[in-house]
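Reader: I have a model open and would like to practise reading it with you. Could you take me through it feature by feature?

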Amino acid sequence: MTISLFLIPYALFLVFYFIFVFFNIYHLKHFAIGGAGTTAVVSIYVVGTGAILFVSAILLMEFDWSQSIDVEAIQQVFFPERIISPL
Amino acid sequence: MINIDQLPNRLPEEKTKLVVRRHWWIPTKIIVALFFSGLIPIGAYFFINTEYPILLSHPIAAPLLTLFTSFYYLILWVLVFQEVIDFYLDTWIVTTERVIDVEQFGLFRRETTECHLASIVDVTSEMKGVIQTLLRYGNVTVQTAGERGQLVFREVPNPDSVRQLVLGLMQEDRARHERVATATPAS
């Protein structure tokens, strides 16, 4: 089992996130009073979302996602005293 | 988008006199709170860097922390914009003929109510508390004779001016109707 497993809930979250973004933009486009303000709000929203996703993608690409999940390695980080070393 | 000069069911002589949204303080206080929430991961980074530096280079913990941070900032960003959109879509429009209340509740509930100036029986404005008094915002309640009962302009800037404007337009509307009634006597 590799750590790429953690990307599945993240991808599911992104799907819901994009549905949410779509409906928000839909509401702004259809129900807001037209003008530069509405265009500015939509632009800031899209650019901000894009920026967060871009930075996330760059940071996430640096990791080796084929790394296997090693429970002992995790224990070593959080509870080093619990690891019984062989005599 | 709604064109303010081409409102639905617009009457021939109808002119828009006021378009008002909630006071800027209402979304600002929530956005500021969310901004400070955005500083939490930065603080957490410095804490982890000092107390558990191994986590930042750990092959499992580091990607997990990055995923969680991305998740956190995306949620925060969507909450900020939910607040902005809620502020932006809640609009009250006063024209020479009617008052229109457009309110958005969450993603899928939207209410539009309108009443003719002739059906308004009373207009009251209210500023409650220190912040509302200092920043000069509050509620304007338009009591109507219709089924709906009342329209409330929630947390709008200068509620007294809004009330006076609506009262003035009501008087003009009444005078206009009286002029029309006297010009065309019943046969």
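Reader: Let's begin with burial. What covers the buried residues of α3(B)?

Author: Happy to start there, and please keep in mind that this is a predicted model. A residue counts as buried when 20 or more other C-beta atoms lie within 10 Å of its own, so the next step is to look up which elements supply the cover. For α3(B), the cover comes from both chains: it includes α1 (7-31) and α2 (36-61) of chain A, together with α1 (25-38), β2 (91-95) and β3 (98-105) of chain B.

Reader: Which residues of α3(B) are buried?

Author: Click through B:Pro63, B:Leu67, B:Ser70, B:Leu74 and B:Val80, then B:Phe81, B:Ile85, B:Phe87, B:Tyr88 and B:Leu89.

Reader: And how do I judge the helix itself? What span does α3(B) reach from its first C-alpha to its last?

Author: Compare the end-to-end span with the expected one. Helix α3 of chain B (residues 61-89) has 29 residues and reaches 42 Å, close to the 42 Å expected at 1.5 Å a residue.

Reader: Chain A came up in that cover. How many residues of chain B are in contact with chain A?

Author: Count the residues on each side. Here, 31 residues of chain B touch 31 residues of chain A. On the chain B side, α3(B) gives the most, with 17 residues. By type, that side of chain B divides into 24 nonpolar residues, six polar and one charged.

Reader: Is there another way to express the size of an interface, and what is it?

Author: The size is often given as the accessible area lost when the parts come together.

Reader: Now the sheets. What is the strand order in the open sheet of four strands?

Author: For any sheet, read the order, then the edges, then the twist. This sheet of chain B runs β1-β2-β3-β4, with antiparallel pairing. Its edge strands are β1 (16-20) and β4 (109-116) of chain B, each pairing on one side only. Neighbouring strands are turned by 10° against each other on average, direction ignored. Inside the sheet, β2(B) and β3(B) pair over four bridges, and B:Trp92 has B:Asp101 in β3(B) as its bridge partner.

Reader: What about the open sheet of three strands: which are the edge strands?

Author: Same routine. The order is β5-β6-β7 in chain B, again with antiparallel pairing. The edges are β5 (120-126) and β7 (150-157) of chain B, and the twist averages 15° from one strand to the next. Six bridges join β5(B) to β6 (residues 137-144) of chain B. For a residue pair to display, try B:Glu126, which stands opposite B:Asn139 in β6(B).

Reader: Which strands does helix α5 (residues 159-183) of chain B lie across?

Author: When a helix packs on strands, note the strands and the angle. Helix α5(B) lies across β5, β6 and β7 of chain B, running at about 165° to β5(B). Helix α5(B) also lies across β1, β2 and β3 of chain B, at about 155° to β1(B).

Reader: Last one: is chain B compact or spread out, and why?

Author: Begin with the inventory. Chain B has five helices and seven strands, running β-α-α-α-β-β-β-β-α-β-β-α from the N terminus on. The radius of gyration of chain B is 25 Å, well over the 16 Å that the globule rule gives for 187 residues, so chain B is more spread out than a compact globule. Its C-alpha trace spans about 95 × 35 × 25 Å along the principal axes, and buried residues make up 21% of the chain.

Terms used:
Residues are numbered from 1 along each chain as its sequence is written. Chains are lettered from A and ligands numbered from 1 in the order in which they are written. This is a predicted model: local features need pLDDT of at least 70, side-chain atom pairs count only at pLDDT 80 or more; totals for chains, interfaces and linings use all residues. Helices (H or I, at least four residues) and strands (E, at least two) are DSSP runs, numbered from the N terminus. The expected span of a helix is 1.5 Å times one less than its number of residues. A residue is buried if 20 or more other C-beta atoms lie within 10 Å of its own, exposed if 12 or fewer, and partly exposed in between; C-beta atoms are placed from the backbone. Two residues are in contact if their C-beta atoms, placed from the backbone, lie within 7 Å. Ala, Val, Leu, Ile, Met, Phe, Trp, Tyr, Cys and Pro count as nonpolar, Asp, Glu, Lys and Arg as charged, and the others, Gly among them, as polar. Two strands pair if DSSP finds at least two bridges between them. Axes are lines fitted to C-alpha atoms, for helices over the stretch in contact, and angles run from 0 to 180 degrees between N-to-C directions. The radius of gyration is taken over C-alpha atoms; the globule rule is 2.2 Å times the number of residues to the power 0.38.
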